[in-house]
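User: I am new to this structure and would like a close look at a single part, the open sheet. Please describe how its strands are arranged and what packs on them, and then place that part in the chain.

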Amino acid sequence: MTKQLDIVFLGLSLSSSWGNGHATTFRGLLRGLHELGHRITFLECDVPWYARHRDLREPDFCTLLYYETLDELRRAHERRLRQADIVVVGSFVPEGKAVIDTVASLCSGQLCFYDIDTPVTLAQIAEDECDYLARRQISYFDVYFSFTGGPTLDRLQSEFGAQRAEPLYCSVDPERHHRTDNAIQWDLGYLGTYSSDRQPVLETLLLEPARRLPRRRFVVAGSQYPSDIAWPGNVERIEHLPPAEHAAFYSRQRYTLNVTRASMIAAGWSPSVRLFEAAACGTPIISDRWAGLDSFFPEPTIRTADKADDVIAILNGQTDHARLDMAGRARKLVLTKHTGTARAREFISRLAPPARMRSGLGLDVGSAA
């Protein structure tokens, strides 16, 4: 049996899934670690936009604590950070560079980074524009866990100085994501916060098919979409869909659409949590294309599309038997390889050997530049 570990995470948000994909990612991983018997604490910067939209106030799989300032982080949580076996800082943490310096000066166990936005992070660091991680800090981490695998892992080590780069993809909780008894309501749906680089693909693969198939029904769920988007009349809009409602949402779709951010497509090997959620719910998936997709979903488990005609051909041409067979294969694959518990085991197995004590390592923690 694996030794019980004290693990502290500092992430963008665990309490609120509003406008971010970090919360569901952390929830799946932390639930898995809890199931494996580890003690988990999550420290979250208390910001008003997430405080107003909290959909997980009292998790049953970890201790959730808040801080408002760096001084409070050090004052209230110093002992916890010093005593932890593992401390993990996530991407996009407010004042992230200063947080990393603070944590690095306290942590005596392993210090890790979990980058849920790796292509964005590396592009910003290359331009010296990253607010939550400095290039000099990358070497601080015993393990740099990355949402993106493939060649990016080599770049992290050879170009950016990571001691060790390991993939740690998102995951799904099968107890929360499963087929429900809801009737099919939409022919094609999409779940995702607005992103300017995803919008042209959403336009091509959902809005244009909706215009050309006026008798079919479509849906887009997610926040922060501009008011000037011309939604076709047969596209229903849902402004915000809490995680507790995702399973019913997917179950009401004949197909669901996966759209990937441009930076993730360029890097490849960057699966969205929506892929795993939809598959676990037994919903057939139509996805845009990117390198590495077939390593997660081989061709019999998913359909890909480049243009509106591809989507229309799938909606009009695939039989229900073929559609459901594809979905069943994807569901079996995800429940075997991509659950929170499976991901938690990967996290533990990919940790570095017992870490050096960090006091006296000579870390330059005096500047957040």
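Analyst: What follows describes the open sheet and then turns to the rest of the chain.

The model is predicted. The open sheet has 6 strands, in the order S10-S9-S8-S11-S12-S13, and the pairing is parallel. Its edges are formed by strand S10 (235-238) and strand S13 (303-304), each of which pairs on one side only. In general, strands of a sheet pair through backbone hydrogen bonds, and this can be done in a parallel or an antiparallel way.

One pairing can be followed down to residues. Strand S11, residues 253-258, runs parallel to strand S12, residues 285-287, and 3 bridges join them. Among the residues involved, Thr 256 has Ile 285 in S12 as its bridge partner. A helix also packs on this sheet: H13, residues 320-337, touches S11, S12 and S13. The direction of H13 makes about 55 degrees with that of S11. A further contact is made by side chains, where the charged end of Arg 323 sits over the ring of Tyr 255, at 6.0 Å from the ring centre.

Now the chain as a whole. It has 14 helices and 13 strands. Its radius of gyration is 21 Å, close to the 21 Å that the globule rule gives for 369 residues, so the chain is as compact as a globular protein of that length. The C-alpha trace spans about 65 × 45 × 40 Å along its principal axes. Of the 369 residues, 56% count as buried. Among contacts with a separation of 6 or more, 71% are between residues 24 or more positions apart.

Aromatic rings give some examples elsewhere in the chain. The whole structure holds 17 aromatic pairs. In one of them, the ring centres of Phe 113 and Phe 141 are 5.3 Å apart and the planes are at 40 degrees, so this pair is tilted. Phe 113 belongs to strand S5 (residues 110-115), while Phe 141 is in the loop between helix H5 (118-126) and strand S6 (143-146), so the pair ties together parts 28 residues apart in sequence. Phe 113 is buried, at a relative accessible area of 0%, and Phe 141 is buried with 0% relative accessibility. Ring pairs also link Phe 9, Phe 26, Phe 42, Tyr 114, Phe 145, Phe 147 and Phe 347 into a cluster.

A last residue to look at is Gln 199, in helix H7 (residues 199-212). Gln 199 counts as buried at 12% relative accessibility. Leaving aside residues up to four places away in sequence, Gln 199 touches Tyr 194, Leu 207, Tyr 225 and Ile 229.

Conventions:
Residues are numbered from 1 along each chain as its sequence is written. This is a predicted model: local features need pLDDT of at least 70, side-chain atom pairs count only at pLDDT 80 or more; totals for chains, interfaces and linings use all residues. Side-chain values use heavy atoms; hydrogens and water are left out. Two strands pair if DSSP finds at least two bridges between them. Helices (H or I, at least four residues) and strands (E, at least two) are DSSP runs, numbered from the N terminus. Contact means heavy atoms within 4.5 Å. Axes are lines fitted to C-alpha atoms, for helices over the stretch in contact, and angles run from 0 to 180 degrees between N-to-C directions. Rings of Phe, Tyr and Trp (its six-membered ring) pair if their centres lie within 6.5 Å; planes under 30 degrees apart count as stacked, over 60 as edge-to-face and the rest as tilted. Buried means under 20% relative accessible area, exposed over 50%, partly exposed in between (1.4 Å probe, protein chains only). A charge sits over a ring if NZ of Lys or CZ of Arg is within 6 Å of the ring centre and within 35 degrees of the ring normal. The radius of gyration is taken over C-alpha atoms; the globule rule is 2.2 Å times the number of residues to the power 0.38.
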